[in-house]
Amino acid sequence: MQLLQPHRLIRTMGYLFLSFIKTIPFSKKQRAYYVLNENSYWKKIAGSKSVLTGRYHAMCSALIARTPFLVLKSNSHKVESLLKDIGIGEERLIFHEDLNNYNKLDFKPFSGKELDLIERYCLKAKADIGRMFDEILTS
């Protein structure tokens, strides 16, 4: 039995589990991966069927890679706020208790509507960031 530790990647049946604080037992069919550089990090996320994470920035990475995800509710509003800003709601938000039955978690692909909302959000965010830096440079 393997245990998931913080900042380790576990791949099982094509799913990727990222950055858990809580230790979760996994079966022998699952393998652990350590990411040594940024390129291998992006390849692991983009090449996975889905990502399960408890971290905001790992959720952002999954969004950028257009990899479906489930994200643990945290003690911060960041996760819920981003989901709301994108417009995809909280269907991809799970609770720590849900990990007790992680085989029952719904690792569904993004719907066409979700992909459209994510695409629009990412394009808008990129433009907004560009404008922000333009304002900083001209002030």
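**Exercise 1. In which loop is Arg66 found?** Locate this residue in the predicted model and characterise its backbone and exposure.

*Solution.*
Step 1. Arg66 belongs to the loop between α2 and β7 (69-72).
Step 2. Consider the backbone. Most residues other than glycine have a negative phi. Arg66, although not a glycine, has a positive phi of about 60°.
Step 3. Consider the accessibility. The range between buried and exposed runs from 20% to 50% relative accessible area. Arg66 has a relative accessibility of 25% and therefore counts as partly exposed.

**Exercise 2. Describe the overall composition of the protein chain.**

*Solution.*
Step 1. Count the elements: the protein chain has four helices and eight strands.
Step 2. Establish their order. Along the sequence the pattern reads β-β-β-β-β-α-β-α-β-α-β-α.
Step 3. Turn to burial and surface. Of the 139 residues in the protein chain, 37% are buried. The chain exposes about 8800 Å², of which carbon and sulfur atoms supply 56%.
Step 4. Assess the contacts. Among those in the protein chain with a separation of 6 or more, 42% are between residues 24 or more positions apart.

**Exercise 3. Determine how the buried residues of α3 are arranged and what covers them.**

*Solution.*
Step 1. Identify the buried residues of α3: Val79, Glu80, Leu82, Leu83 and Ile86.
Step 2. View them down the helix axis. The buried residues of α3 fall within an arc of 165°, so they line one face of the helix.
Step 3. Examine the other side of α3, where Lys84 and Asp85 are exposed.
Step 4. Identify the cover. The buried residues of α3 are covered by elements including α2, β7, β8 (93-94) and α4.
Step 5. Inspect the end of the helix. Gly87 follows α3 and has a positive phi, near 100°.

**Exercise 4. Characterise the second largest pocket by volume, lining and residue class.**

*Solution.*
Step 1. State the volume: the second largest pocket holds about 180 Å³ of space.
Step 2. List the lining, which consists of Cys60, Leu63, Ile64, Leu82, Ile86, Tyr121, Cys122, Ala125, Lys126 and Ile129.
Step 3. Assign the lining to elements. Two or more residues come from each of α2 (56-65), α3 (78-86) and α4 (112-138). The greatest contribution is that of α4, with five residues.
Step 4. Sort the lining by class. Nine residues are nonpolar, none is polar and one is charged.
Step 5. Relate this pocket to Exercise 3. Leu82 and Ile86 occur in the pocket lining, and both are among the buried residues of α3.

Terms used. Residues are numbered from 1 along each chain as its sequence is written. This is a predicted model: local features need pLDDT of at least 70, side-chain atom pairs count only at pLDDT 80 or more; totals for chains, interfaces and linings use all residues. Side-chain values use heavy atoms; hydrogens and water are left out. On a 1 Å grid over the protein atoms alone, a cavity is a set of points where a 1.4 Å probe fits but cannot get out, and a pocket is an open set with protein on both sides within 12 Å along at least five of seven lines; lining residues have an atom within 4 Å of a point. Grid points are joined across faces, edges and corners, and a volume is the space filled by probe spheres set on the points. Ala, Val, Leu, Ile, Met, Phe, Trp, Tyr, Cys and Pro count as nonpolar, Asp, Glu, Lys and Arg as charged, and the others, Gly among them, as polar. Buried means under 20% relative accessible area, exposed over 50%, partly exposed in between (1.4 Å probe, protein chains only). Contact means heavy atoms within 4.5 Å. Accessible areas come from the Shrake-Rupley method with a 1.4 Å probe; for residues, only the protein chains shown count as cover. The arc is that of the directions from the helix axis to the C-beta atoms.
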